[in-house]
Amino acid sequence: SLHDALPIYISKDKLQRHKKYFDEYIIPKIETLYANVDSLECLSDLGIRNNPSELRRLRKLLKLFLYYRKQLAIGKQEQLRKIHKIIKRKKYDDLIVKYPKIKDKLEKIFGYGDTFCSDCGVQLLEKAKDAAQRDHGSPIYRYHNPQVLKKVREILRDYDSGLEIEFDKELKKLSPSAINKDALAKILSKLLLGWLCEKKAPIRINNFPEWNPYIMQFAQGIRTCPYCNRQYITAFYSENGKMRADLDHFFPISKYVYFAMSIYNLVPCCKYCNTIKSDHEFQKEEGSPYEISLNDLAFFRYDLGFSANEKKLKLITKSNSDKSRELVNAYNQMFHLEEIYRTHEDLACNFMEKHYKYSPTRVSALLKSGIFASEKEIYKLVTGNICKEQEILDDPLNKLKRDMVEQFFGKRVLRMVAE
């Protein structure tokens, strides 16, 4: 099966959180445009004034977005393809291509812009202020109001008691006149993002004040690029800046603008893979890391070549089916996997050398010497840290290491050292 070990899994609570974001920030924009699309001002802005037939098509397209709101938010690739086929069959995509202003408008609606990347410190402040106003029974206008700060501490304490302590430390560094919304938001943003980067335990996504590229990446829990497994994509935060993985739009937004915020269209990946993929599409329908695992489809094999220029590390399809071969070729051609993995041939060669040095006879002799407690202990020392199959995306080159152990030491040893 192509679906034995999917590299990316999104739990129900993350899907619900994303749908909540979609319903709160994107759907109202579509509804507003749908309600006002007949106005002269709107028609002029979209460039379709005095064109009733185009207006009808646009209205139907917006209605389609509203009808498929759930699928657009959290639908899997199969559902997204279905929506695109409907749009293409009804020639709504021609409307988007023909009128650049309509495309620009849809980009603003579906794009993750300011609300998606907004400051989580501001979000937390707003949440605390709303809670304080409810308790107080009257409007509160100042963010440094004691009631608001009390709610801020309660929220922070709910995440981690250490955050409340750090917040008070930072607050004491400011003079009373310097405590305002911007200063508080900056402190909270620094604390929250720093905490997220350091925290290893799962976070309570539904309680978190914001859903943004950072939060989404932490929710996914992916440590390395699912396309190449060569680079870490873990986030980093400091006072000087923020870093996170790129988010590849599997269906490129240059063509599928309405999938810009579809969660199954957002693939956390390394900058190399995102850059090289760019706006290219897989020719075959199945191909997203949410649908398939390259580990299920292919394995790396290292062979000594007859010349210096001959490829020694190759990606071999596990199955003889045409579908598997086509998918592996598509991945290889898209990301140049065999090419970029040539830089890691020394690692493969190292496993081959260990295979010759630690033959079964040598391992048996070492075991009889009494130095080692078990065969497993010897092989673990020889092969190094080898992960379980489901942990391949935890560290770079995990797949290559597993494949080399299986090639040179066999499946039995692989199972033994990966336990």
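A residue counts as buried when its relative accessible area is under 20%. Keep that cut-off in mind as you click through this predicted model.

**Stop one: His 18.** Start by selecting His 18, which lies in helix α1. Its relative accessibility is 0%, so His 18 counts as buried. What is His 18 in contact with, leaving aside its neighbours within four places in sequence? Show Ala 73, Ile 74, Trp 211, Met 261, Ser 262 and Ile 263, and you have the list.

**Stop two: α1 against α7.** Now widen the selection to the whole of helix α1, residues 12-36, and add helix α7, residues 100-110. The two pack at an angle of about 150°, and their axes are 9 Å apart. Because of that angle, α1 is roughly antiparallel to α7. To see the contact itself, display the side chains of Phe 22, Ile 26, Lys 29, Ile 30 and Leu 33 on α1, then Lys 105, Lys 108, Ile 109 and Phe 110 on α7. Try colouring these residues by class: six are nonpolar, three are charged and none is polar.

**Stop three: β3 and β4.** Next, pick strand β3 (residues 246-249) together with β4; they pair in the antiparallel sense over four bridges. A handy place to zoom in is His 249, which stands opposite Leu 266 in β4.

Finish on strand β4, residues 266-269. Are its faces covered or uncovered? Both are covered: Leu 266 and Pro 268 are buried on one side, while Val 267 and Cys 269 are buried on the other.

Notes:
Residues are numbered from 1 along each chain as its sequence is written. This is a predicted model: local features need pLDDT of at least 70, side-chain atom pairs count only at pLDDT 80 or more; totals for chains, interfaces and linings use all residues. Side-chain values use heavy atoms; hydrogens and water are left out. Axes are lines fitted to C-alpha atoms, for helices over the stretch in contact, and angles run from 0 to 180 degrees between N-to-C directions. Angles under 35 degrees count as roughly parallel, over 145 as roughly antiparallel, 65 to 115 as roughly perpendicular and the rest as oblique. Contact means heavy atoms within 4.5 Å. Ala, Val, Leu, Ile, Met, Phe, Trp, Tyr, Cys and Pro count as nonpolar, Asp, Glu, Lys and Arg as charged, and the others, Gly among them, as polar. Buried means under 20% relative accessible area, exposed over 50%, partly exposed in between (1.4 Å probe, protein chains only). Two strands pair if DSSP finds at least two bridges between them.
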